[in-house]
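Hi,

Here is the structure I promised to pass on. Have a look at it first, and my notes follow underneath.

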Amino acid sequence: MSGSGVVRFQPALAKQSQRLVSTALSRLPRIQGKPVIFHFLPALTSCRGKLLSAQGRGTEIHAASFMRQRLTVLDRDLLAQPPELARILIHELFHYSWIRLGNKARWSFEDLLRSEAASNARGELGWSAWILKRCLSARDVLERTPAWRAYACESYCDSAACFYSGISSHPEFTLASRFRKIRVHWFSTQFSSVISI
Ligand SMILES: [Zn+2]
């Protein structure tokens, strides 16, 4: 096993991969919490709710997190794409953070998204959030339906991945910069020194 503190890699990563991962995580505030194990496997796909590796069927995915087991599986190809590795790794890490966030902060982030919706903000900061956002109805926004809450979670993770990965532009970053700035402010206020996962 390699990795320090709460973010651990199993089996241990090669030196070069360790460096990539350290760089990917270097822009984050300090992380605290129980360890999360990260595991790399080749050719990840999702098929009927199951995670497969190198099986040649299902829909291609970059990563899957098993929250109760505190285990995240990442596609091994990401090790050859450092910026994407940073983006996906941070996205998955923030799924653990969302759970720890507490209602007050979660609702505050949802308020931010609701005011975006009221301003007709289009676009998102990642495909995961975008595919859910485009299916939301006015009722979802108003009544905090499960579809809304799933969207809020993915939007939170995609926003964190956008801000902390150090990537300034990406085809999936389609949210206008005036809304992006409000999200950046929210994250910098929320996580000035430490992130709980
Ligand atoms: Zn996600």
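The β4 and β5 strands make a hairpin, with 2 residues between them. In that turn, R48 has a positive phi of about 50 degrees. Do keep in mind that this is a predicted model. The two strands, β4 at residues 44-47 and β5 at residues 50-53, pair in the antiparallel sense over 4 bridges. If you want one pair to look up, L44 has S53 in β5 as its bridge partner.

Next, helix α6, which covers residues 146-164. How far apart are its end C-alpha atoms? They are 27 Å apart, and that agrees with the 27 Å its 19 residues should span at 1.5 Å a residue. Of those 19 residues, 15 are buried, so α6 is largely enclosed by the rest of the structure. Just after α6 comes G166, with a positive phi near 80 degrees.

Then there's the core. The largest nonpolar core has 40 residues, and L89, I90 and A160 have the most contacts inside it. Several elements give it two or more residues, among them α1 (15-25), β3 (36-41), α2 (82-100) and α6. The largest share, 11 residues, comes from α6. Both domain 1 (7-82) and domain 2 (103-196) supply at least three residues to this core.

For a closer view, try I90: leaving out residues up to four places away in sequence, I90 touches A24, L28, A160, A161, Y164 and S165.

Cheers

Definitions and conventions
Residues are numbered from 1 along each chain as its sequence is written. This is a predicted model: local features need pLDDT of at least 70, side-chain atom pairs count only at pLDDT 80 or more; totals for chains, interfaces and linings use all residues. Two strands pair if DSSP finds at least two bridges between them. The expected span of a helix is 1.5 Å times one less than its number of residues. A residue is buried if 20 or more other C-beta atoms lie within 10 Å of its own, exposed if 12 or fewer, and partly exposed in between; C-beta atoms are placed from the backbone. A nonpolar core is a set of buried Ala, Val, Leu, Ile, Met, Phe, Trp, Tyr and Cys residues joined through C-beta atoms within 7 Å. Domain bounds come from an automatic or database domain assignment. Two residues are in contact if their C-beta atoms, placed from the backbone, lie within 7 Å.
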